[in-house]
Amino acid sequence: MEKNVNALKNDRDIQMSHYQISKSLEEINEKIRSGKAVVVTAEEMIGIVRKQGEIRAAQEVDVVTTGTFSPMCSSGAFINFGHSVPGIKASQVWVNGVPAYAGLAAVDIYIGATEPRVDDPLNLKYPGEFLYGGGHVIQDLVAGKTVHLRAEAYGTHCYPRKALDKRVSLSDLPFAQLCNPRNAYQNYNCAVNVTDKTIYTYMGTLRPRMGNANYCTSGQLSPLFNDPYYQTIGVGTRIFLGGGTGYVVAAGTQHNPGVPRTERGLPKRPGGTLMVMGDLKHMSPRWLVGVSLLGYGCSLAVGLGVPIPILNEEIAFRTGVSDEEIVTQVVDYGKDYPRGQGRSLKEVTYAQLKTGMIRIGDKEVKTAPLSSYVRAREIAQILRDWISSGKFLLAQPQELLPSERIETRD
Amino acid sequence: MYKRMLVLRFPPEITDQPLVCSLSREYDLCFNILKATIFPGQEGLMVLEISGYKKQVQEGLRYLRSKGVAVKSIAQEIRRNNDICIQCGACTAMCPTKALYIDDESREVRFVPSECKGCELCVAVCPVRAMEIRFAKDKVLV
Ligand code: SF4
Ligand code: SF4
């Protein structure tokens, strides 16, 4: 491993011509079409690179598949609910009692994952349960359930109707696209609570005096840990999204490539993000799950997987990353985080987090994931099988995501 | 939602008071009577399931006790609805026993009912509410 790190850490100036192995995306797609492509999951790639080195790995493997499945608050869906007679220019819309944003064209709405029902008691009785929200509406839709849509309008000459009440299912909707402004965060804090009281956060319930440490990425399987400088991922990359296919449409909100990185180029803190989109009609309730975060709010757990074409040995090396090499920061969500301070109490590796226990100072703290590793692995396997069987081709990104190759060491 | 299954014993002198009714009026609790034998002037026994906010359930029970009612909890069992569990692991942070744990090899989140002590800490932290409280009804209604 040491040899690899030394060989590739200053790779920012490496040109295509310097690689010993060089494949084009078109060549890889040709192999996929003829059923000859070698596709492995990011987990399987670790052993291959360790055993054979990145050059042979790049020779052998064409695509590495990744996966992640966890609550991703910045998610939602654009829906067009179709015109009725007479028409309506909806100004307020509720789906199963959950308000949707209607400040778009007449019957276009956006339903956001974290929007609670209008009658939700929120945190009035602390901690609130947030049992139903926008994420649950999206799951109900993809599950084929009928939802209740209610709209109000002020009425115009062309669209005189002032109220609409109807039951619709996904198949009735003329258009429904999942469109998530920020998914697949490249790394995330590990959260603890140093105060004397239990707190309820988007990082889960945190017990007092560092009673637990919660973390939330799929580590070595996570898409952006396998392509840390976004050398293959960009606008137009075709992905597994919510059980169907989707696309990366832009860098996500808060995409921040300029964070401190390890020698391997892995962000030590939250770094890059993806904005993704895909047809809701092809998705499944197994991979879009409405969730309730106690005392925090509702959200949507999203299944997402990105295929990484092994264009050269550098990409092979990067996809060989394992949990021992990925680090994150332990941050206090009791005092520090609410004050906007992300002070690191400790740097830990994902391998340490996965042992179930980390040591902070002289205290042993129990760790727990919020992101499902089992489901992340399943996504990587499904995507691998889709590609091996020739039914999923890779798409050439039209523009790569903004990347900064600053080799920060601290 | 916090739920309790209880056996209430009413001493003869209070069986004519509408105590259970106050639970819903004053403490905003829902109840479901599973069994009741109360005759005015004799000891009464009632098996009921009450639900509401935890604090109010506790206050309601304090109220009943203050009126002389003997309140006993009934064992309940925690089950995992495997159809909806998303295998995240959030529950393992709360579990004080080894009932919920992550298998090192497979990374699966396992639930071992025999290790569960019924503390219910996992119930509300589960993002999909897969940990369900079931009352061992058969143990009471004999
Ligand atoms: S009820 Fe308590 S002991 Fe039982 S599984 Fe849940 S957290 Fe663990
Ligand atoms: S928190 Fe709920 S969904 Fe997650 S593993 Fe535990 S039981 Fe399953």
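**Exercise 1. Decide whether Asp28(B) is buried or exposed or in between, and describe its backbone.**

Solution. With 14 C-beta neighbours inside 10 Å, Asp28(B) counts as partly exposed. The scale behind this places C-beta atoms from the backbone and calls a residue buried if 20 or more other C-beta atoms lie within 10 Å of its own, exposed if 12 or fewer, and partly exposed in between. Next, locate the residue: Asp28(B) sits in the loop between α1 (19-27) and β2 (30-37) of chain B. Helices (H or I, at least four residues) and strands (E, at least two) are DSSP runs, numbered from the N terminus. Last, Asp28(B) is not a glycine, yet its phi is positive, about 60 degrees.

This is a predicted model, in which local features need pLDDT of at least 70 and side-chain atom pairs count only at pLDDT 80 or more, while totals for chains, interfaces and linings use all residues. Residues are numbered from 1 along each chain as its sequence is written, and chains are lettered from A and ligands numbered from 1 in the order in which they are written.

**Exercise 2. Do the same for Arg209(A).**

Solution. Arg209(A) has 13 other C-beta atoms within 10 Å and is therefore partly exposed. Its place is the loop between β13 (204-206) and β14 (212-215) of chain A. Arg209(A) also has a positive phi, about 45 degrees, without being a glycine. Most residues other than glycine have a negative phi, and most peptide bonds are trans.

**Exercise 3. Find where Pro86(A) and Pro127(A) lie, and give the form of the peptide bond before each.**

Solution. Pro86(A) belongs to the loop between β4 (76-80) and β5 (92-95) of chain A. The bond from Val85(A) to Pro86(A) is cis, with omega near -5 degrees. Pro127(A) is in the loop between β7 (108-112) and α4 (134-142) of chain A. Tyr126(A) and Pro127(A) are joined by a cis peptide bond, with omega about -10 degrees.

**Exercise 4. List the residues that come nearest to ligand 1 and to ligand 2.**

Solution. A residue is near a molecule if its C-beta atom, placed from the backbone, lies within 6 Å of it. Around ligand 1 there are 15 residues, of which Cys95(B), Ala99(B), Cys116(B), Cys119(B) and Cys122(B) come nearest. Around ligand 2 there are 13, with Cys85(B), Cys88(B), Cys91(B), Val109(B) and Cys126(B) nearest.

**Exercise 5. State how many residues of chain B are in contact with chain A.**

Solution. Two residues are in contact if their C-beta atoms, placed from the backbone, lie within 7 Å. On this basis, 17 residues of chain B are in contact with 23 residues of chain A.
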